[in-house]
Structures are given as structure tokens and as C-alpha cells.
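This report sets out the overall build of one protein chain and then turns to its helix contacts and a few individual residues.

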Amino acid sequence: TPLGHAHWHGLTPTDLVFPFFMFIMGVSTFMSLRKYNFEPTRESIRKIIKRTFLIFLIGLALNWFGQLCRGLGAGESIATAATHFDTIRILGVLQRLALAYGFASLIAVFFKNKHIVWVIATLLIGYFFILLFGNGFELSEQNIISIIDRNLWGKAHMYKMSGIALDPEGLLSTLPSIAHVLIGF
């Protein structure tokens, strides 16, 4: 039981792994960008974009591989199982890590360190109000997070939770993850 995730409300030790990882990613981002003196140089921006793209691409490849394995397990041919691009999940854990790292790193080089605390506060308070006024605290497809992801990616490319197309690693819910990385920073 302690190794399972909480379904919607609640917290288990497993649910703490991702936030701790995000925090440590922020700490390592600080150490990594220190050699560029936190300046938006051509080299630092290129490194941030390249790393973000590679992490996102690896996450997408892992989603494709998981879909391939499920197709093979269901008795499909390898050619059929490998070409289900119409239902591949676009976002996932690594994609969220990539986006959070990329945006947090760009914020770190474009904002002075003393102003980052205000960026964090703006992200978290803004996200709270988006959830508050967008039915974001409800587990339903009328949730603002689900609506945005459904309009961007389509239901076929989203995670299904309790039969509902509600992606726990959706695009809008990446905002607090960016803030989390910045807290570690």
C-alpha cells in the first residue's frame, strides 16, 4: 500500500518521490548555471534548449515503447503495435521534467535571482486561481486541466484516470512544477 499512488486525494510515500526529484533538479540547475554566471549567453540558452528537447524526446520514446509492448501483449503484430501514433500519450513524467527544467532554467537566466521568489509566487498563486475558477479541484472532464489538454492534444493522446481523460502530467499542471524546480534553484 505505501508503494502505490494516492488515487486523487491523499498522500503516500510514493507521491513524495517526484517532488523531491523536482527540488533536486532545481538545486542541480543552480550549480549548472552558475558556471554561466546566470547570464543568458548563447551557449547557456543552447544547452538549456538542447537538454529540454532531449529529455522530452526520451519521454515520448518511452511512451511509444510502452504502447508497443501493450500492443504486442494484446497479440498485435510488431508492425501494427509500433505504428499506433494516433494514440501515443504526448505528455508524461519525463516530458514534465523537461518542460519544468527548460522553463525554470530560462527564468533563472533571464531574471535576477532576487526576483525569482516573485516568479514562484506568481506561478503558484496564478495556478491556484486558475484551478479555483476553472473547476480544477474536481475529478472530471470539466476540469480546466482536462479541457486544455483535450483541446491541445485530443482525448486519444491523454492519460485516462478512472475512465476520464485527465492527464496528471498535463500542460497546465506543469506551472506548479516549474515553481517547484525554482524553489530548489
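## Overall architecture

From the N terminus on, the elements of the protein chain follow the order α-α-α-α-α-α-β-β-α, a total of seven helices and two strands. The model is a predicted one, and the description below should be read with that in mind. Along its principal axes, the C-alpha trace of the protein chain spans about 55 × 40 × 35 Å.

The protein chain has 185 residues, of which buried residues make up 39%. Its exposed surface comes to about 10,800 Å², with 71% of that area supplied by carbon and sulfur atoms. When contacts between residues at least 6 apart in sequence are considered, 63% of them join residues at least 24 apart.

## Helix 1 against helix 7

Helix 1 (residues 17-34) and helix 7 (residues 175-184) have axes that come within 6 Å of each other and cross at roughly 55°. Because an angle between 35 and 65 degrees falls outside the parallel and perpendicular ranges, helix 1 is oblique to helix 7. The crossing of these two helices is right-handed.

On the side of helix 1, the contact involves Phe-18, Pro-19, Met-22, Phe-23, Met-25, Gly-26 and Val-27, which meet Ser-177, His-180, Val-181, Ile-183 and Gly-184 in helix 7. Sorted by class, the residues of this contact comprise eight nonpolar and four polar, with no charged residue.

Phe-23, which lies in helix 1, offers a view of this contact at the level of a single residue. Leaving aside its neighbours within four places in sequence, Phe-23 is in contact with His-180, Ile-183 and Gly-184. Phe-23 and Ile-183 are 160 residues apart in sequence, yet their C-alpha atoms are 6.7 Å apart in space. Phe-23 has a relative accessibility of 35% and therefore counts as partly exposed.

## Helix 4 against helix 7

Helix 7 also packs with helix 4 (residues 93-110), at an angle of about 55° and with the axes 8 Å apart. That angle makes helix 4 oblique to helix 7, and the crossing of helix 4 and helix 7 is right-handed.

Helix 4 contributes Arg-96, Leu-99, Ala-100, Phe-103, Ala-104 and Ile-107 to the contact, while helix 7 contributes Ser-177, Ile-178, Val-181 and Leu-182. The classes represented in the contact of helix 4 with helix 7 are eight nonpolar residues, one polar and one charged. Ser-177 and Val-181 of helix 7 are named in this contact, and both are likewise among the helix 7 residues that helix 1 meets.

## Two buried threonines

Thr-52 is located in helix 2 (residues 42-73). Its relative accessible area is 15%, so Thr-52 is buried, given that the cut-off for burial is under 20%. Apart from its neighbours within four places in sequence, Thr-52 is in contact with Ala-98, Tyr-101 and Gly-102.

Thr-12, by contrast, is placed in the segment before helix 1. With a relative accessibility of 16%, Thr-12 also counts as buried. Once its neighbours within four places in sequence are set aside, the contacts of Thr-12 are with Thr-1, Pro-2, Gly-4, His-5 and Ala-6.

Terms used:
Residues are numbered from 1 along each chain as its sequence is written. This is a predicted model: local features need pLDDT of at least 70, side-chain atom pairs count only at pLDDT 80 or more; totals for chains, interfaces and linings use all residues. Side-chain values use heavy atoms; hydrogens and water are left out. Axes are lines fitted to C-alpha atoms, for helices over the stretch in contact, and angles run from 0 to 180 degrees between N-to-C directions. Helices (H or I, at least four residues) and strands (E, at least two) are DSSP runs, numbered from the N terminus. Angles under 35 degrees count as roughly parallel, over 145 as roughly antiparallel, 65 to 115 as roughly perpendicular and the rest as oblique. A crossing is left-handed if the near helix is turned anticlockwise from the far one by less than a right angle, and right-handed if clockwise. Contact means heavy atoms within 4.5 Å. Ala, Val, Leu, Ile, Met, Phe, Trp, Tyr, Cys and Pro count as nonpolar, Asp, Glu, Lys and Arg as charged, and the others, Gly among them, as polar. Buried means under 20% relative accessible area, exposed over 50%, partly exposed in between (1.4 Å probe, protein chains only). Accessible areas come from the Shrake-Rupley method with a 1.4 Å probe; for residues, only the protein chains shown count as cover.
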